[in-house]
Amino acid sequence: MGPKRKIKSGHVGADSTRVDAPDKVRGRAVYTDDIDVPGCWYGKVVRSPVAHGRLRSLKRDEEFDWSRVSVVLPDDIPGKNIADLFIHDMPFIAHDEINYLGEPLALVAAPDRELAEEAARHFHPDIEELPGIFHMEEIVDLYKKQDSSLHSLGEQTTVKGDIEKGFSEADMIVTGEYWAGYQEQLYIEPQAMIAEMTDDGGVFIRGSLQCPYFINPELCLTLNLPPEKIRVKQEMTGGAFGGKEEYPTLIAGYCALLAMKSRHPVKIVFDRNEDILFTTKRHPSWGRLKTGLKKDGTITAIHAELLLNGGAYTTISRVVLARGILHAAMGYRCDNVFVDGRIFKTHTFPCGAFRGFGAPQATWAFESHIEELAKACGMLPQEFRRKNCLVQGDVTPTGMVLKDSVGSPAVLDQVLDRSDFAKKLKQSSRGNPKHKKWYGIGLAFFAHGSGFTGDGEARFKAKGAVELDWIEPNHPGVNIRISSTEMGQGAFTIMDQIAADAISIPLDDVRCPLPDTSLCPNSGPTVASRTTMVVGHTVHGAGLKLKAALEEFASKEVFEGRPVVLENGRFVCSGEALPFRQIAASYLDKHGRLRTEHQFTLPPDLKWDQSTFKGDAYPAFSWGCNAAEVEVDPLTFEIRLKKVTACFDVGRMINPLNCKAQAEGGLVQTIGYALMEKMGIRNGKYDADRMQTYIVPTMPDIPEFDITFVEYPYEFSPPGAKGIGEMPMDGLAPAIANAIENATGLRCNRIPIMPEDLFTLHRAKHQNG
Amino acid sequence: MSNVKRTWNVNGEEKTLEFPPLRRLLDVIREDMRFTGCKEGCGEGECGACTVLLDGVPVTSCLVAAGQVPDGTQILTVEGLEKTEQGRVLQEAYVSAGASQCGFCIPGMLMASFALLSKNSRPTEEDILDAHGGNICRCTGYVKIIEAVRLAAQNWPRK
């Protein structure tokens, strides 16, 4: 007997253990590289050794035996040589201008990995090298000079009220600039994909991925195939965090092109170095804030600019920017707000999705700035936030009225109370030379939009299905059919709980298989903190429909037309009861599989103007507050994060254990973002390109946690959940910086914050003062 | 270099294999023996996903040349855990504590936990941190893994 799944009655709201855990702890979960595909070849990408240039020619060694391998060059692409990622500005294989180091020049496949790697070494590109732009500092410098040589990849503005009037009413104006660096997702399973041709001339793609319905249709243009000939299946995925959101279309395309050329299945699994160097990162950012304040702490105007380093091509950056600007001045009451966001091109790998998706950069800047505002008007940080935080009935920077499900100020009050914030703030060292260790506590308060921006969910029309079928021999049950993926976040466990509750059957009669575009409706990508709220709603709705259909069947076929209710796994009819499995089996024997589907809708009064970015920015906001306590060594400036007190409102918790797990994992990734994960660029190349040099938190690095939740359900969408996945990434970095300031008296406006940064600030302060 | 032949006890069963002496132990385990529970996360001994036990000692199998592992060595991979009562206790603790998320680091993490508890079934907090400091998990934030190890220690079968 192996480990057993714990089952509790009343599935939604219970700490159900994860459905995928038993296989994972036994080493039986099958990830992409574990699949043994007979006759599978191995693919390799031939990459540009320069970051910016013009490809003159790509020569190949004539003495190498090319008959043993398959090669794909731009001319071999059956469709257009375009990566259909949102904007058509990136070729699938470079043929003229090279825009980042490692841009593909050719693809090669061979019966084994060693031969594929050897073949790749026999290509010799001749490239005219051109000067490049790489760093956020270069972008900001040119931006401040309004230099027209900056290449924009997108921009968006949102305006509320009259910003000039707001500043004219202010008693004081506070400005600040805040920088954030790259962050690598560093999922432990590297990118992995397999493609093979199907008998009908199509391709079957499977691998480690977040969004099956991104790859199909995005590869149609390149492969010159209609959508029905591209089947995409997710395999067990060893972490993603956004890194397997839009990127897998590229590696899937490499495999598919090689499979079509070689007529063999083709697998590509990156090694860690290749994965870090040539996949997406979180966008480095720069935020500049200028805020008008009255002496009593009233905010009269907020002017926010947010710049992102987009990398070489647009890809998903405009969507990231949208979330960024919607969070750049979010959370506080102000009638006059101007937010402007821009993405600029550099000669680096395109930046992309990473948990939080623009919101962590925006919140880092804004919550650092809020601390400055409190100081400027002589208020304590908690008083300033308590006075200005948005509450029910208030209006957000885009003009959205917060009608319901507003966990503010509850999350703030809870953290202030549980962390004993006021008392600990007084104990903070502020660089007191008499203290042996500098202690400080810092605060951050924030909101995070759940689901797609604006009316995106209304336009998308996500669908989810459940189907009655034989889930094992002699075991009738329900399969959940959604395109949402399980990448570690626990989605399948939660979907099982929601479906089991809606249908009113035991958890063991429900399963959620890995999605496959040939079997699942399009419930959308697994992104944007939308899965539980949006897709969970479709599963709930589909479950209710299945329940009604089965009750009707039972009434007609078994109970002579009398009313029947399916509850807790039994069909009950005026005192009599029959087990779910018995009726389900007779349904399957008589009619075969039964599938019901449900579509997500939004309240009809939700209004959004995509051109002005005004209106209801999200279906709902989740709310969060973090307090960080740090200890800084006055000699070495070593920073120890001692304790994090966090409170979140994520609506109704479907699975509190899993909510906590999401919070813990996200907060620890943010410790890395704030204090450890430093990545620079030298000669066009990331300087931390291995696990030895890209340092993420390990077990001894974690602080004490106090994590709690307050539940303000999103009543419009049963079962009432809002988003959780991204929000833990938003607030801890500014909370840590604010704590470090209270400990040391030094304000850091750049993350990650390293001891050497504190030393530099310390010297500058004492030299000048 | 010509192949070498080794006979090991792998997960309780005797296995004889031939391979080039410098072949990574990780590849022998995953590809030759098809114990694919053992994972490669970095290939340079940093992430710990490929951790296996050689005579009870945790090693990152991506950094071991298989030819260096002598005849008679007891090799334990994640697949061997459920064959022992202690292994099952550990697995159950990971499941009920919610310690596994994406699961990719978990085989290595479990081997680190198993090595610790086999030697020291009443570990202190510091013992736990030390024993798992070489295993990177990007999902859990480690909190529930620590809880799982504590829970397994409570339930550890003692003779």
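## Domains 1 and 2 of chain A

Zero salt bridges are found across the interface of domain 1 of chain A and domain 2 of chain A (a salt bridge being a side-chain nitrogen of Lys or Arg within 4 Å of a carboxyl oxygen of Asp or Glu). The rule does give eight residue pairs in polar contact between these two domains, both residues of each pair at pLDDT 80 or more. A polar contact is a pair of N or O atoms within 3.5 Å; within protein, one must be able to donate a hydrogen and the other to accept it, and residues adjacent in sequence count only if both atoms are side-chain atoms. On the domain 1 side of chain A, the most residues, four, come from helix α8 (residues 272-277) of chain A; helices (H or I, at least four residues) and strands (E, at least two) are DSSP runs numbered from the N terminus. By class, that side of domain 1 of chain A comprises 15 nonpolar, five polar and six charged residues. Here Ala, Val, Leu, Ile, Met, Phe, Trp, Tyr, Cys and Pro count as nonpolar, Asp, Glu, Lys and Arg as charged, and the others, Gly among them, as polar.

The contact joins 26 residues of domain 1 of chain A to 31 residues of domain 2 of chain A, contact meaning heavy atoms within 4.5 Å. About 2300 Å² is buried between the two domains, with 68% of it given by carbon and sulfur atoms; buried area is the accessible area (1.4 Å probe) that two parts lose on being put together, summed over both. Within domain 1 of chain A, the residues that lose the most area to domain 2 of chain A are Asn99(A), Phe241(A) and Leu277(A), together 24% of what that side buries.

## Basis of the model

This is a predicted model, in which local features need pLDDT of at least 70 and side-chain atom pairs count only at pLDDT 80 or more, while totals for chains, interfaces and linings use all residues. Residues are numbered from 1 along each chain as its sequence is written, chains are lettered from A and ligands numbered from 1 in the order in which they are written, and side-chain values use heavy atoms, with hydrogens and water left out.

## Domain layout and a sheet in chain A

Chain A is assigned domain 1 (34-130 + 186-277), domain 2 (285-397 + 404-454 + 610-768) and domain 3 (462-599); such bounds come from an automatic or database domain assignment. The C-alpha centres of domain 1 of chain A and domain 2 of chain A are 36 Å apart.

Chain A contains an open sheet of three strands in the order β4-β2-β6, with antiparallel pairing; two strands pair if DSSP finds at least two bridges between them. Strands β4 (97-98) and β6 (123-129) of chain A are at the edges with a single partner strand each, so one side of each has no neighbour in the sheet. Strand β2 (residues 53-60) of chain A is joined to antiparallel β6(A) by seven bridges. Along this pairing, Lys59(A) is opposite His124(A), and Ser57(A) has Asp126(A) as its bridge partner. Two bridges link β2(A) with β4(A), again in the antiparallel sense, and Arg54(A) is partnered there by Glu97(A).

## The interface of chains A and B

Contact between the chains involves 44 residues of chain B and 56 residues of chain A. Together they bury about 4000 Å², 60% of it on carbon and sulfur atoms. In chain B, Val95(B), Gln101(B) and Arg138(B) lose the most area to chain A, together 21% of what that side buries.

Seven salt bridges cross this interface. Arg138(B) also forms a salt bridge with Glu677(A) through their side chains (2.7 Å, N to O). The rule finds 22 residue pairs in polar contact between the chains, both residues at pLDDT 80 or more. At least two residues of the chain B side are supplied by each of α2 (85-97), α3 (106-119), α4 (125-132) and α5 (143-155) of chain B. The largest share, seven residues, belongs to α2(B). The chain B side has 19 nonpolar, 13 polar and twelve charged residues.

## The two domains of chain B

Chain B is assigned domain 1 (4-77) and domain 2 (80-154), whose C-alpha centres lie 20 Å apart. Their contact takes 17 residues from domain 1 of chain B and 13 residues from domain 2 of chain B. These domains bury about 1200 Å² between them, 63% of which comes from carbon and sulfur atoms.

One salt bridge is found across this domain interface. The side chains of Lys83(B) and Glu13(B) meet in a salt bridge (3.6 Å, N to O). Five residue pairs across the interface are in polar contact, both residues at pLDDT 80 or more. Strand β3 (residues 51-54) of chain B gives the most to the domain 1 side, with three residues. That side of domain 1 of chain B divides into six nonpolar, seven polar and four charged residues.
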